[in-house]
Amino acid sequence: MDKKKRLYPLKFQTNSREREWGTSDWALWSLYGASSVVSNGFLEENELDDLIETYMGDLLGEKIFTYYKGFFPIMVSMLNVKGKIPLHIHPDDKSAMEREDAFGKREFWYVMEASEDAKVFMGFNRDISAQELFDRIKSGTLEEVLNMVKPKRGDCFRINPGLPHAAWGEMKIAEISEASGAMYNIYKWSAEPTLGSQSNHDLFEAIDLVELKMHPLEPYYIQAPSNPLSSEGKVSVEKSCVLTECENYNIKKIVLESGTTIFPALINSFIVYISLKGKSAIKVGDELYRIKENEVILIPASMEEFRLYPEGEEGEQAVLLECFMPEPPEEIDSYNNSNS
């Protein structure tokens with residue numbers, strides 16, 4: 001790789017994984033010693049991990065590169081749900097490192113499509129005990145103590161480590177998470193607790209990590225606006241807003257009606273855009289990079305300012321998720337020391 005050449009907006013090949021409930025399309029990832037492969041420009045066919053090794057802070061941001069010791073810290077997937085995702089949890093960083101020598105996982109779901117009979121389960125609607133959890137799994141009555149949401153397009157879910165969650169029915173979900181495959185299946189919607197995850201973990205091993213207390217839906221469930229009428233009697237359009245800010249990532253919904261200028265240097269982090277609706281484009285100097293619906297694109301931290309604008313019919317909005325990393329703490333904590 002020629003480091004003298006200037007970095008540019010990067011697209012990647014999709015890595016599709018078949019699941020019992022549908023497919024998980026890994027759009028941007030670095031796990032298990034492999035990573036996303038670039039699909040555009042002079043870096044085409046190079047892996048993300050190799051780019052990080054070459055460009056370091058120019059790609060991730062200097063503080064991000066140092067804090068995460070060269071690891072790409074997030075993962076972007078498209079979940080195409082056709083059946084029932086098992087009720088599962090993800091461990092926090094400390095527990096994952098102790099048990100699996102891996103990072104934990106906090107994640108964020110954005111519902112892109114949902115059928116009328118789709119369901120999302122998030123935590124318990126009252127406090128339960130471990131014994132009641134086992135009993136209800138055996139009796140097939142676990143749904144009675146779970147929070148259930150009938151999702152619609154634009155709904156969002158903030159999912160913390162330890163929170164039992166699942167999805168049923170036909171749905172398309174954009175998932176942004178910590179870069180981790182650590183997962184424990186709690187219930188596969190069968191009559192008995194079974195060995196659940198790819199890593200052969202099960203309910204019995206993970207019971208001490210499950211959040212058994214009542215889980216309020218707010219502020220973890222963000223409902224999409226119901227499109228109220230404006231003062232002119234027209235349906236209101238979507239608006240840009242902050243969806244979540246936490247120690248692992250910041251996520252905004254960007255609604256483009258006209259062009260806007262983005263300054264990566266002010267963020268000190270790489271930026272990821274996920275196209276949810278419509279066509280958009282990025283213009284860097286004289287170079288144009290078009291973004292189709294459902295595409296994911298990575299903006300290197302060192303890239304110069306650029307224009308982001310919609311490319312559809314006049315008056316047609318383009319809607320994207322924008323994800324970037326928060327400023328890391330000054331002192332290196334156990335998250336990094338554990339990788340030494």
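Which element gives the largest share of the lining of the second largest pocket? I shall come to that after a brief overview of the structure.

What we have here is a predicted model. The protein has 340 residues, and 52% of them count as buried. Its secondary structure consists of 8 helices and 24 strands. Among contacts with a separation of 6 or more, 77% are between residues 24 or more positions apart. The accessible surface is about 16000 Å², and carbon and sulfur atoms contribute 47% of that area.

Let me now turn to the pocket. The second largest pocket has a volume of about 430 Å³. It is lined by 22 residues, and those closest to its centre are Ser30, Leu31, Tyr32, Phe71 and Phe103. Three elements each supply two or more residues to this lining: strand E4, residues 30–31; helix H1, residues 48–55; and helix H4, residues 93–100. The answer to my opening question is H1, from which 3 lining residues come. By residue class, the lining of this pocket comprises 11 nonpolar, 7 polar and 4 charged residues.

My last topic is helix H5. This helix spans residues 130–139, and its buried residues are Glu132, Leu133, Phe134, Arg136 and Ile137. As general background, an α-helix has 3.6 residues a turn, so residues three or four places apart point the same way. The cover over the buried residues of H5 includes strand E9, residues 119–124, strand E14, residues 184–187, and helix H6, residues 203–206. Just after H5 comes Gly140, which takes a positive phi of about 75 degrees.

Thank you for your attention.

Note on methods
Residues numbered from 1 in each chain as written. Predicted model: local features only at pLDDT ≥ 70, side-chain atom pairs only at ≥ 80, totals over all residues. Heavy atoms only, no water. 1 Å grid on protein atoms, 1.4 Å probe; cavity = no way out; pocket = protein on both sides within 12 Å on 5 of 7 lines; lining within 4 Å. Points joined across faces, edges and corners; volume = space filled by probe spheres on them. Helix = DSSP H or I, 4+ residues; strand = E, 2+ residues; numbered from the N terminus. Nonpolar A, V, L, I, M, F, W, Y, C, P; charged D, E, K, R; others polar. Buried < 20%, exposed > 50% of the residue type's maximum accessible area, 1.4 Å probe, protein only. Contact = heavy atoms within 4.5 Å. Areas by Shrake-Rupley, 256 points an atom, 1.4 Å probe, with all protein chains shown as cover.
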